[in-house]
Every structure is written in structure tokens, then in C-alpha cells.
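Trainee: Could we examine one part of this structure closely, together with its surroundings? A single connected account would be preferred.

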Amino acid sequence: MGRKPRVEYKGEDIENGVKILAKLMRESANTVVLTGAGMDTESNIPDFRGKNGWWKSIDPRLVASIDSFYENYELFHEFYTTRIKRLEDIKPHEGHYILADFERRGIIKSIATQNVSGLHHMAGSKKVYELHGNIKKIKCNQCNHETELKDFFNKKNCSLCGNLLRPDVVLFGEALPADVWALAENDIRKCDLLIVIGTSLEVYPVNQFPKIAKSKTVFINNEDISFDHEFDIKLIGKAKEVLKMMPST
Ligand code: OAD
């Protein structure tokens, strides 16, 4: 029996993993990146299931589900107002800019993200699939009419139909936007390399993407997770730090 190839790189050894990743990227004509909340923590946005994640202290069903929207709008409103206001002074970090630069230079094709922060766009990435929406976009829950953030903060109702306002994000119990999903899925089915960054891969259906990809797959996360997909390599480290180690050419 042959020896299994080495998969996990961490600590001082991570440089060796980064070299392998760089080689995979050079060999790939078509690389797609999938990001999760761990991509944004170094910009000071908490994740959900990490050490200080939102869902360690709050039950998502009480504040981030479609049931909570209908049954306890006060609490729903308070939770999302807090999250949106925390984003006021938030900026992309070097890792976001490195990914935007990779896209400009044709090194990556697109980014599929579960993040609702808009930081990839802010850093200059163009082809970003926001699979869970964007928290700073406000819409009517009923007629989808878009309105301003301040209307949500002030608990106004929709100016067209009078119904309640909400951020344009996917709540637990809701389907993902079909058009955005289809575009991301198409890119991922066709890619040669999928780089997954900063996600626990606990949330369906996005957690199916590594399995859907017929490509090489790389996982960059600050903790190892068990998931029923074998990655070709895993780099256990912080997203920004790992991306900064990537060679610039
Ligand atoms: P999670 O919070 O579930 O997972 C984030 C992962 O990133 C964890 O494994 C962290 O340990 C890791 N992490 C944290 N900081 C990191 C860093 N600096 N570098 C590398 N890794 C880091 O977040 P997601 O997987 O994105 O959905 O969560 C998926 C969805 O669950 C979210 O989009 C949200 C949530 O409920 C909705 O709101 C619909």
C-alpha cells in the first residue's frame, strides 16, 4: 500500500503548505474561492461558530430565522441593528485586497461568499456571489421594494405596501437566492481549484460546494473541522496571515 499524501499544514510548517497552494494556483486555469465568516474576523467582525461567535451566546432561531421575524420582530430588529451598526467603521483587511488583486490579474475567477458584510466588494473584487445576501441592503419582506438603512433603523414600514422591513439576507428557514446560487454552482462545477477560506462548513447548502467541485480542493481555516469531504490540502492558520504568505507573482 502506498503512503497517503500529506494533507494538513500548520504552525511553522504552514509555509510548505502555502508553497503547494501556490503551485496548485499556477497550474489551475480556473480557480474559485469560497469564503465564510472566518474571512472577516481579522476585520473585527465576529464569526458565528468560532470561539467568540454569535451563536455561542445567542440561539440563531430566536434572532435570525424567518420565524423570529414573524414572531418577535423587536428582537429580530435589535439583533440586525446591532450587527449593521457594528459594521460602520469596518474595513477590508489585506487578505480581502489580495483576493481582489488575484481576480484583477486573472489568478482567480470569482468569489462565492456566505458573508453578508460586503467586504469583498469593498476591497475591489468584482465577481462576488453573495449567497447569503448583503446585510446593508434593506428591503420589504413582502414586496421586496428596496429602501434605505435609516428606514430600517427607525422601524418604518414599506412605503409601497406598508409591510415590515428587513435586511436582504437569507434567514434560517429561507432558500438561497436561486440566481446567485446557480452562478456560483456553475463556476464551482467548472473550476480546476476550489479554495475554501474561513468557514465551519456547517450550513447547508453552501457546505456542499467542496463536494460538487470536481477539482482540487484546499481548506484554509484556523481550526481543523471534520466534514465528509477530503480536501487535497488543509492550511490551519488565519486567513489574512495565510493569504499574505502567498507569493505575489
Ligand atoms: P462559522 O462561524 O460557522 O465558521 C467560521 C470558521 O472560521 C470557524 O471554523 C472559525 O474557527 C474560523 N475562523 C475564524 N476566524 C478565522 C480566521 N481569522 N482565519 C481562518 N479561520 C477563521 O461561519 P460560516 O461557516 O461562514 O448564515 O457560517 C455559515 C453561515 O452560518 C453564515 O453565513 C450565517 C451563519 O448562521 C446566515 O446568516 C444565513
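**Asparagine 207 and the ligand shell**

Mentor: Leaving aside residues up to four places away in sequence, asparagine 207 touches Leu201, Glu202 and Phe227 (contact: heavy atoms within 4.5 Å). The model is predicted, so local features need pLDDT of at least 70 and side-chain atom pairs pLDDT 80 or more, while totals for chains, interfaces and linings use all residues. Residues are numbered from 1 along each chain as its sequence is written, and side-chain values use heavy atoms, without hydrogens or water.

Asparagine 207 sits in the loop that links strand S8 (193-197) to helix H10 (209-212) (DSSP runs numbered from the N terminus; helices are H or I of at least four residues, strands E of at least two). Its relative accessible area is 9%, which means that asparagine 207 is buried (under 20%; exposed is over 50%, partly exposed in between; 1.4 Å probe, protein chains only). A polar atom of the asparagine 207 side chain lies 3.3 Å from the backbone oxygen of leucine 201.

Turning to the ligand, 24 residues surround it, of which Phe48, Arg49, Thr199, Ser200 and Asn222 come nearest (a heavy atom within 4 Å). By class, this shell holds seven nonpolar, 12 polar and five charged residues. Side-chain N or O atoms of tryptophan 55 and asparagine 222 lie 2.9 Å and 2.7 Å, respectively, from an oxygen atom of the ligand. A nitrogen atom of the ligand is 2.8 Å from a backbone N or O atom of alanine 239. The ligand taken alone exposes 800 Å², of which the protein buries 95% (Shrake-Rupley method, 1.4 Å probe).

Key: A polar contact is a pair of N or O atoms within 3.5 Å; within protein, one must be able to donate a hydrogen and the other to accept it, and residues adjacent in sequence count only if both atoms are side-chain atoms. Ala, Val, Leu, Ile, Met, Phe, Trp, Tyr, Cys and Pro count as nonpolar, Asp, Glu, Lys and Arg as charged, and the others, Gly among them, as polar.
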